Amino acid sequence: CCCVALGGAQKRPDHNLHHKLLKMPRLLFALDFDEAGKNEYKFWKKVYPNLKAWPIPREKSPGDAFIAGVDLRQWIIQGLEHRKISNI
């Protein structure tokens, strides 16, 4: 499991990261839960069919949620298990 920080909703992976993401069995999409993040989901889903929208349960971003006490490890595990169980 790894995390990729893009530095902004409209940033795109470079060539090397793009090819690594294509090989991943699961991608949890967790850009900020705002208009920019929601709009970018369309691009990501089109390019990476193994992508699953996985917004943070509260707050705007994973960083904000962490500060507010959300257990990010458990949130990620739930996302991975959800993918596995639903077989999407």
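Select Phe29 and Trp44 to begin the tour: Phe29 is buried, and Trp44 is buried as well, where buried stands for a relative accessible area under 20%, exposed for over 50% and partly exposed for what falls in between, with a 1.4 Å probe and protein chains only. For Phe29 the relative accessibility is 10%, and therefore Phe29 counts as buried, while Trp44 is buried with a relative accessible area of 7%.

What you have open is a predicted model, in which local features need pLDDT of at least 70 and side-chain atom pairs count only at pLDDT 80 or more, whereas totals for chains, interfaces and linings use all residues. Residues are numbered from 1 along each chain as its sequence is written, and side-chain values use heavy atoms, with hydrogens and water left out.

**The aromatic rings**

A pair of aromatic rings is described by the distance of the centres and the angle of the planes. Here the rings of Phe, Tyr and Trp (its six-membered ring) pair if their centres lie within 6.5 Å, and planes under 30 degrees apart count as stacked, over 60 as edge-to-face and the rest as tilted. How many aromatic pairs does a search of the whole structure find? There are four aromatic pairs. In one of them, Phe29 and Trp44, the ring centres are 6.2 Å apart and the planes stand at 50 degrees, so this pair is tilted. The pair links distant parts of the chain, since Phe29 belongs to strand β1 and Trp44 to helix α2, 15 residues apart; helices (H or I, at least four residues) and strands (E, at least two) are DSSP runs, numbered from the N terminus.

Now add Phe43, which forms an edge-to-face pair with Trp44, at 5.8 Å centre to centre and with 90 degrees between the planes. Phe43 has a relative accessible area of 27% and is therefore partly exposed. On the face of Phe43 you will find Arg12, at 3.5 Å from the ring centre, where a charge sits over a ring if NZ of Lys or CZ of Arg is within 6 Å of the ring centre and within 35 degrees of the ring normal. To see the whole cluster, select Phe29, Tyr41, Phe43, Trp44 and Tyr48, which are linked by ring pairs.

**The whole chain**

Next, show the protein as a ribbon, in which four helices and two strands appear, following the pattern α-β-α-β-α-α along the sequence. The radius of gyration is 13 Å, close to the 12 Å that the globule rule gives for 88 residues, so the protein is as compact as a globular protein of that length; this radius is taken over C-alpha atoms, and the rule is 2.2 Å times the number of residues to the power 0.38. Along its principal axes the C-alpha trace spans about 35 × 30 × 20 Å, and buried residues make up 23% of the 88 residues.

**Contacts and distances along the chain**

Return to strand β1 and select Phe29 together with Ala53: they are 24 residues apart in sequence, yet 4.7 Å apart in space, C-alpha to C-alpha. In the same way, select Leu28, which is also placed in strand β1, with Gly79, 51 residues away along the chain, and the C-alpha atoms turn out to be separated by 6.9 Å. Leu28 counts as partly exposed because its relative accessibility is 26%.

For a contrast, select Gly69, in the loop between α3 and α4, and then His15: these two are 54 residues apart in sequence and 35 Å apart in space, C-alpha to C-alpha. Gly69 is exposed, with a relative accessible area of 58%.

**A backbone detail**

In the loop between β2 (51-53) and α3 (62-67), select Glu59, which has a positive phi of about 80 degrees although it is not a glycine. Glu59 is partly exposed, with a relative accessible area of 43%.

**The largest pocket**

Finally, display the largest pocket, which holds about 950 Å³ of space. Which residues lie nearest its centre? Of the 33 lining residues, these are Cys2, Cys3, Val4, Leu28 and Ala30. On a 1 Å grid over the protein atoms alone, a pocket is an open set of points where a 1.4 Å probe fits, with protein on both sides within 12 Å along at least five of seven lines, and lining residues have an atom within 4 Å of a point. The largest share of the lining, four residues, comes from α4.

How values were computed: Grid points are joined across faces, edges and corners, and a volume is the space filled by probe spheres set on the points.
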